Amino acid sequence: MTVTHRKRTANDAEKDIAEAGVKYHCDPCSRNITDTVRIRCAVCSDFDLCVSCFCTGTELGKHKNWHDYRVMEQHSFPIFDVDWGADEELLLIEGADNFGIGNWQDIADHVGSKTREECEAHYLQVYVSSENWPMPDMHKLFDMDPDAQAARKRQRLAQRVARVPVPVKAQKPMTSQPANHEIAGYMPGRLEFETEYENEAEQSVKDMIFNEDDAPEEVDLKLMVLEIYNAKLSKRLERRKFVFERGFLEYKKNVASEKKRSAKEREIINSVRVFAQLQTKEDYDKFVEGLLKEMQLRERIAELQEFRTNGLTTMASGEEYLRDKANRQSSLRHLVSREGVLSDRRNARPPPQRSQDDEISSPRGTATGNKAAPPVRKPANPLNIQNAEGIHLLTAPEQALCSTLRIFPKSYMIIKEELLKEHARLGGLKRRQAREMIKIDVNKTGKIYDFFVEAGWIQNADA
């Protein structure tokens, strides 16, 4: 005999409308004999045959055709309820014994011809609410035609097939990311966390026992420990409620919302997040929105003040100014990156090697041939900028400066504009401030700064 336990699907129900949760197959020919008369061998263990194989005397393995046998019929007649056959009653009891009372879905799958609601209602009505509990009423009689009973069963199964939902396609396994409870230690089925606030709080009360011979002082001490434990539980519930209400478990949604904000907005939100515990969710959201609105207004006011400082009176000219400013900053960043690459290349060159014949005279006039003098860096050749773009905008001293420092006139004009603008804003400019603004070779920045001071364009704030 082959017994198969499995859950029913819509396709299976369409193939065999009267199929139950437990199926029997003929061992020699594997024919489905669940709903027909079958022959069970009384000698072999779990060996069933269909009527055809039994009549032909089929033998298989240790089974012989001369073994004793029993005729097993389908007991579809009712014994406790008109809609429940004896075979279904037996499957219900077997399912309750295998899966436990309460697991009605598994029990219904074991029965095969009933829903979980029907199994639960029938068990509670016939067995639990019986006047002869724990036994059901064994004196009921039903006078029904077997054909009518079979027709009712087929009709009931057909109605159940119509209610079977379409099987859900298998989804990809959940990945290990913060969106799943494995990472955060959150258990959604229990609405709890693996590591709670005051996670060791239960250690103080797990072994507590109240005995009749306890002294009043011991009872008071135990009651005080229980009060402390209840206070910890209240704080734990408050924190858990805070996490649920603020939506901190919706990781993907929170990350997508943060990506839409600018760096300044994220900085403000992170700086005031500590106040979330002191406000309700609605008040905290209004508080954050107000701060972000204030930041936007301050930035807009500063932008308009910059327009007025530069003599701009229309919004069109202001927008053109912002575009030019963005282009200048982009050119300056490109210049800084290029100067950094050139500086790294020059620093990567190995220093010139001195020959062993070179001697350095000591103060006493003795030769110290074993000591090597520090290498002297050879100045770079001047840059030819006669055909460079923007050369006509520079004076002769500025052209000589750019040629010596190997800076193109256009880049020099951007540096000059930034330094003069910062000097006008601060009323003075220090050498350190100039080096922080212009991220190129510090020696070049220092020479440009000295040139501007000598020309009287900026005032040395260090003096």
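Arg-70 is found in strand S5, which spans residues 69-72. The model described here is predicted. With a relative accessible area of 46%, Arg-70 is partly exposed. Beyond residues up to four places away in sequence, Arg-70 touches Arg-38, Ile-39 and Arg-40. Ile-39 lies 31 residues from Arg-70 along the chain. The C-alpha atoms of these two residues are nonetheless separated by 5.8 Å.

The chain as a whole has 463 residues, of which 28% count as buried. Its secondary structure comes to 16 helices and 11 strands. Among contacts with a separation of 6 or more, 47% join residues 24 or more positions apart. The chain exposes about 32400 Å². Carbon and sulfur atoms supply 53% of that area.

Disulfides were considered next. The count comes to 0. Cys-41 and Cys-44 illustrate the result. The cysteine sulfur closest to that of Cys-41 belongs to Cys-44, at 3.8 Å. A disulfide requires sulfur atoms within 2.5 Å, so this pair is too far apart for a bond. Cys-44 is likewise in no disulfide, its nearest cysteine sulfur being that of Cys-41. Both residues fall under the 20% limit for burial. Cys-41 has a relative accessible area of 4%. For Cys-44 the value is 17%.

Helix H3 covers residues 86-99 and includes Glu-89. Glu-89 is buried, at a relative accessible area of 3%. Its contacts, leaving aside neighbours within four places in sequence, are Ile-79, Phe-80, Asp-81, Trp-84, His-122 and Tyr-127. His-122 lies in helix H5. This histidine is also buried, with a relative accessible area of 4%. With the same exclusion of sequence neighbours within four places, His-122 is in contact with Asp-81, Trp-84, Glu-89, Leu-92 and Tyr-127. Asp-81, Trp-84 and Tyr-127 therefore appear in the contact lists of both Glu-89 and His-122.

Glu-89 and His-122 also take part in the packing of the two helices. H3 and H5, the latter formed by residues 116-128, pack at an angle of about 95°. Their axes are 12 Å apart. Angles of 65 to 115 degrees count as roughly perpendicular, so H3 is roughly perpendicular to H5. H3 contributes Glu-89, Leu-92 and Ile-93 to the contact. H5 contributes Cys-119, His-122, Tyr-123 and Tyr-127. By class, this contact has 5 nonpolar, 1 polar and 1 charged residues. The charged residue is Glu-89 and the polar one is His-122.

A second helix pair involves H13, residues 396-405. The buried residues of H13 are Glu-398, Leu-401, Cys-402, Ser-403 and Leu-405. Their cover includes helix H14 (409-426) and helix H16 (442-455). H13 and H16 pack at an angle of about 170°, with axes 11 Å apart. Angles over 145 degrees count as roughly antiparallel, so H13 is roughly antiparallel to H16. On the H13 side, Pro-397, Glu-398, Leu-401 and Leu-405 make the contact. They meet Lys-444, Lys-447, Ile-448 and Phe-451 of H16. By class, the contact has 5 nonpolar, no polar and 3 charged residues. The charged residues are Glu-398, Lys-444 and Lys-447. Glu-398 is thus both a buried residue of H13 and part of its contact with H16.

Backbone geometry was examined at two further sites. Most residues other than glycine have a negative phi. Arg-406 departs from this pattern, with a positive phi near 60°. This residue comes just after H13, in the loop between H13 and H14. Arg-406 is partly exposed, at a relative accessible area of 36%. Glu-198 also has a positive phi, of about 55°, although it is not a glycine. Glu-198 is found in the loop between strand S9 (192-193) and helix H8 (216-245). Its relative accessible area is 34%, so Glu-198 counts as partly exposed.

Technical notes
Residues numbered from 1 in each chain as written. Predicted model: local features only at pLDDT ≥ 70, side-chain atom pairs only at ≥ 80, totals over all residues. Heavy atoms only, no water. Helix = DSSP H or I, 4+ residues; strand = E, 2+ residues; numbered from the N terminus. Buried < 20%, exposed > 50% of the residue type's maximum accessible area, 1.4 Å probe, protein only. Contact = heavy atoms within 4.5 Å. Areas by Shrake-Rupley, 256 points an atom, 1.4 Å probe, with all protein chains shown as cover. Axes fitted to C-alpha atoms, helices over the stretch in contact; angles between N-to-C directions. Parallel < 35°, antiparallel > 145°, perpendicular 65-115°, else oblique.
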